[in-house]
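Got the model open in your viewer? Let's take a walk around the aromatic rings and see what sits next to what.

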Amino acid sequence: GDLLFLSQDNGPFHVGDIVVFRISGRDIPIVHRIIISTEKANGDFDLLTKGDNNPVDDRGLYDRNQLWLNREHVIGRAKGFLPY
């Protein structure tokens, strides 16, 4: 029931940022923290996420054979929230 405020800036992503992302075939976006962020020379990026209370990273949630999130998956970066 919380409200989440997102930024859709194209700035670099950093370890610790909280992102909202969508995986194809899933209706509900996921909100998790970045644990690995790699920026490529062309401005693209690879991200690996993990839920704060999960024991392992999110690769089990991603599409089959998908190891990273990139620009097409990320909806935005959390900038604040309003508790329910």
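Select tyrosine 62 to begin: in this predicted model it counts as buried, since its relative accessibility is 5%, under the 20% cut-off. Aromatic pairs are the theme here, and the structure holds 2 of them.

Let's do the pair without tyrosine 62 before coming back. Pick phenylalanine 13 and phenylalanine 45: the ring centres are 4.8 Å apart with the planes at 55°, so this pair is tilted. Now colour by secondary structure. Phenylalanine 13 is in the loop between strand S1 (3-7) and strand S2 (18-21), while phenylalanine 45 belongs to strand S4 (residues 45-50), so the contact ties together parts 32 residues apart in sequence. Buried or exposed, at 11% relative accessibility, for phenylalanine 13? Buried, and phenylalanine 45 counts as buried too, at 6%.

Back to tyrosine 62, and add phenylalanine 21. Their ring centres lie 6.2 Å apart and the planes meet at 85°, so call this pair edge-to-face. Phenylalanine 21 sits in strand S2 and tyrosine 62 in the loop between S4 and strand S5 (74-82), so the pair links parts that are 41 residues apart in sequence. Check the surface around phenylalanine 21 as well: it is buried, with 0% relative accessible area.

Next, show the arginines. Arginine 77 lies over the face of phenylalanine 13, 4.2 Å from the ring centre, so you can keep that ring on screen from the earlier stop. For the last stop, select tryptophan 68: over its face you'll find arginine 59, at 4.6 Å from the ring centre.

Conventions. Residues numbered from 1 in each chain as written. Predicted model: local features only at pLDDT ≥ 70, side-chain atom pairs only at ≥ 80, totals over all residues. Heavy atoms only, no water. Phe/Tyr/Trp six-rings, centres within 6.5 Å; stacked < 30°, edge-to-face > 60°. Helix = DSSP H or I, 4+ residues; strand = E, 2+ residues; numbered from the N terminus. Buried < 20%, exposed > 50% of the residue type's maximum accessible area, 1.4 Å probe, protein only. Lys NZ or Arg CZ within 6 Å of the ring centre and 35° of its normal.
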